[in-house]
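Please read the following explanation alongside the sequence and the model. It is meant to lead you through the fold one element after another.

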Amino acid sequence: MTNTLILLRHGQSEWNQKNLFTGWVDVRLTEQGRGEAVRAGEQLAAAGLQPDVLHTSLLSRAIQTANLALDSADRLWIPVTRSWRLNERHYGALQGLDKAETLAKYGEEQFMEWRRSFDTPPPALDDASEWSQANDPRYDGIDGERPQTECLKDVIDRLVPYWEQSILPDLNSGKTVLVTAHGNSLRALVKHLDGISDADIAGVNIPTGMPLVYQINADGTPAAPGEYLDPEAAATAAAAVAAQGKH
Ligand SMILES: O=C(O)[C@@H](CO)OP(=O)(O)O
């Protein structure tokens, strides 16, 4: 007996479009991103997938994506739980910087280490920065745990407890669960689910707006690796994410 988990990265955001490091900065979807979210919902409906509950991050781009996708799947009414534990990886002092300029300034090795290494966080973001979330009321309750930078390992450490305590119980009560989140928080979850090594996860990129579907066993393991509803389009879009900053 397995239950269905659908992972969905938000559609293109304003800062994806501008090629800026985003992290916890609360940017919105572009028109293209809103279209991706609507299409994701249409794909769910066409595949006969009907989410019973939604888990989202606290960031607007994931919330907008969920709302648009659920609206086009005619499931806008389902219960919602939101958690900072599903937020994008905090990108530290890189938040707000241009990816291409950062690559040119620091070189490819350092750039890729910051983007994709498992355990090297970027430099911390000063609380006084305009891109800091130090005074953002949505994080009032988590102040002791509010990061100033994170590597992927840090994201796994804060996300896996949420997976075990909130998402897995929903799956085990027989619900189809939709999770809308972010490139790196979903890489963290996919690494955990698929047992991908610390080295190999560097090569995994999650495209925007493409539903990724798992069948999950009662013990939280997947019955098989996740499958995109549109594998060809997902592979093309993931390659574009991998190449960001390089053109
Ligand atoms: O900027 C970010 O927060 C992320 C996702 O958009 O970028 P990257 O893919 O470079 O980790």
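The paragraphs below take up the sheet, then the helices, and then the surroundings of the ligand.

The model is a predicted one, and a convenient place to begin is its sheet. Strands of a sheet pair through backbone hydrogen bonds, either parallel or antiparallel. Here six strands form an open sheet with mixed pairing, and their order across it is E3-E2-E4-E1-E5-E6. The edges are held by strand E3 (80–82) and strand E6 (227–228), each of which pairs on one side only.

Starting from the E3 side, E3 and E2 run parallel and are joined by three bridges. Strand E2, which covers residues 53–56, also pairs with E4 in the parallel sense, in this case over four bridges. Thr-56 can be followed in both directions across the sheet, since its bridge partner in E3 is Arg-82, while its bridge partner in E4 is Thr-180. Further along, strand E1 (residues 3–9) and strand E5 (residues 212–216) pair in the antiparallel sense over five bridges, and within E5 it is Tyr-214 that stands opposite Leu-5.

From the strands one can pass to a helix that lies on them. Helix H7, spanning residues 183–194, lies across E1, strand E4 (177–181) and E5, and its direction is at about 150° to that of E1. H7 also packs with helix H6 (residues 152–172), at an angle of about 70° and with the two axes 9 Å apart. H6 and H7 are therefore roughly perpendicular to each other, an angle of 65 to 115 degrees being counted in that class. The crossing in which H6 passes H7 is right-handed. On the H6 side the contact is made by Leu-152, Val-155, Ile-156, Leu-159, Val-160 and Trp-163, and on the H7 side by Asn-184, Ser-185, Arg-187, Ala-188, Leu-189, Lys-191 and His-192. Sorted by class, the contact of H6 with H7 contains eight nonpolar, three polar and two charged residues.

Another helix pair is formed by helix H2 (residues 31–46) and helix H3 (residues 60–72), whose axes come within 7 Å and cross at roughly 45°. That angle makes H2 oblique to H3, and H2 passes H3 in a right-handed crossing. In this contact Arg-34, Ala-37, Val-38, Ala-40, Gly-41, Glu-42 and Leu-44 of H2 meet Gln-64, Thr-65, Leu-68, Ala-69, Leu-70, Asp-71 and Ser-72 of H3. The contact of H2 with H3 is made up of seven nonpolar, four polar and three charged residues.

Helix H4 (residues 99–106) and helix H5 (residues 108–116) have axes that come within 6 Å and cross at roughly 130°. H4 and H5 are therefore oblique to each other. Here Thr-102, Leu-103 and Tyr-106 in H4 meet Glu-108, Gln-110 and Phe-111 in H5, and these residues divide into three nonpolar, two polar and one charged.

With the helices and strands placed, which residues are found around the ligand? They are Asn-16, Phe-21, Thr-22, Gly-23, Glu-88, Tyr-91, Arg-115, Gly-183, Asn-184, Val-241 and Gln-244. By class, this shell has three nonpolar, six polar and two charged residues. Asn-184 links this part of the account to the earlier one, for it is listed among the residues around the ligand and also among the H7 residues that contact H6.

Note on methods. Residues numbered from 1 in each chain as written. Predicted model: local features only at pLDDT ≥ 70, side-chain atom pairs only at ≥ 80, totals over all residues. Near = placed C-beta within 6 Å. Nonpolar A, V, L, I, M, F, W, Y, C, P; charged D, E, K, R; others polar. Axes fitted to C-alpha atoms, helices over the stretch in contact; angles between N-to-C directions. Helix = DSSP H or I, 4+ residues; strand = E, 2+ residues; numbered from the N terminus. Parallel < 35°, antiparallel > 145°, perpendicular 65-115°, else oblique. Left-handed = near helix turned anticlockwise from the far one by under 90°. Contact = placed C-beta atoms within 7 Å. Pairing = 2+ DSSP bridges.
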